[in-house]
Amino acid sequence: MKPLVSIIMGSTSDLPIMEKACKWLEEQEIPFEVNALSAHRTPDAVETFAKEAKGRGVKVIIAAAGMAAALPGVIAASTPLPVIGVPIKGMLDGLDALLSIVQMPPGIPVATVGVNGAQNAAILAAEMIALGDEAIAQKIDNWKASLGQKIEKANKELAELKDYKFKC
């Protein structure tokens, strides 16, 4: 099995956030890999990874970073693959990381999800892959249909609330 999605984080301190992406991809049975690489501490390894990812069959890269958040942009500069940046909340509630990721120069795009938005990054990666993979497209359709079912169930439970005198 070869990974279709590569999840990269600047350090393992980002893992509690990025596990949301891992869990979503696991639930959908979409092969992925997880690695820690640092744009500042291991720049040569980041460049090598980015240049080799496509040849290994990776289709989308999710890169998480906090503070200066250079990792997604450094990866995007060295690969033709789509890169999704996940700003990690740290200093300034993640605003510093968010702005670092979305302010890429022309020619080096990085799609960006919200601060700590690892699950949305996994979903977006799967949607990109689904453009050329009907099986993954069906998994996404099924998952999104389940979202509506959860809301319907919640509304039935809310209708049963009886402890309020003025609830209509």
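Select Val-74 to start: setting aside neighbours within four places in sequence, Val-74 is in contact with Ala-39 and Val-46. Contact here means heavy atoms within 4.5 Å. This is a predicted model, in which local features need pLDDT of at least 70 and side-chain atom pairs count only at pLDDT 80 or more, while totals for chains, interfaces and linings use all residues. Residues are numbered from 1 along each chain as its sequence is written, and side-chain values use heavy atoms, with hydrogens and water left out.

**Stop 1: Val-74 and helix H3**

Stay on Val-74. The residue is found in helix H3. Helices (H or I, at least four residues) and strands (E, at least two) are DSSP runs, numbered from the N terminus. Is Val-74 buried or exposed? Neither: Val-74 counts as partly exposed, at 31% relative accessibility. The cut-offs are under 20% relative accessible area for buried, over 50% for exposed, and partly exposed in between, with a 1.4 Å probe and protein chains only. Now add His-40. Val-74 and His-40 are 34 residues apart along the chain, and their C-alpha atoms are separated by 9.8 Å.

**Stop 2: Ala-50 in helix H2**

Select residues 43-53. This is helix H2, and Ala-50 sits in it. Ala-50 counts as buried, at 1% relative accessibility. Which residues does Ala-50 contact, leaving aside neighbours within four places in sequence? Show Ile-75, Ser-78 and Thr-79. Then draw a distance from Ala-50 to Pro-80. They are 30 residues apart in sequence and 8.7 Å apart in space, C-alpha to C-alpha.

**Stop 3: helix H4**

Select residues 95-102, helix H4. Its buried residues are Asp-96, Ala-97 and Ile-101. They lie on the same side of H4, because they cover an arc of only 125° around the axis. That arc is taken from the directions from the helix axis to the C-beta atoms. What do the buried residues of H4 pack against? Colour strand E3 (60-66), helix H3 (71-77), strand E4 (83-88) and strand E5 (111-112).

**Stop 4: two loops with positive phi**

Most residues other than glycine have a negative phi. Go to Glu-29, in the loop between helix H1 (15-27) and strand E2 (32-36). Glu-29 is not a glycine, yet its phi is positive, about 60°. Glu-29 is exposed, with a relative accessible area of 63%.

Next, pick Leu-92, in the loop between E4 and H4. Its phi is near 55°, again a positive value in a residue other than glycine. Leu-92 is exposed, with a relative accessible area of 64%.

**Stop 5: the largest pocket**

Select Gly-10, Arg-41, Ala-65, Gly-66 and Met-67. The largest pocket has a volume of about 330 Å³. Of the 19 residues that line this pocket, those five are the closest to its centre. A pocket is found on a 1 Å grid over the protein atoms alone: it is an open set of points where a 1.4 Å probe fits, with protein on both sides within 12 Å along at least five of seven lines, and lining residues have an atom within 4 Å of a point. Grid points are joined across faces, edges and corners, and the volume is the space filled by probe spheres set on the points. The lining divides into nine nonpolar, seven polar and three charged residues.

**Stop 6: the cysteines**

Show Cys-22 and Cys-168. Cys-22 counts as buried, at 12% relative accessibility. Cys-168 counts as exposed, at 96%. How many disulfides does the structure hold? Zero; a disulfide would be a pair of cysteine sulfur atoms within 2.5 Å.

**Last stop: the whole chain**

Zoom out. The chain has six helices and five strands. From the N terminus on, the elements run β-α-β-α-β-α-β-α-β-α-α. Along its principal axes the C-alpha trace spans about 65 × 40 × 30 Å. Of the 168 residues, 40% are buried. Among contacts with a separation of 6 or more, 66% join residues 24 or more positions apart.

Note on methods
Ala, Val, Leu, Ile, Met, Phe, Trp, Tyr, Cys and Pro count as nonpolar, Asp, Glu, Lys and Arg as charged, and the others, Gly among them, as polar.
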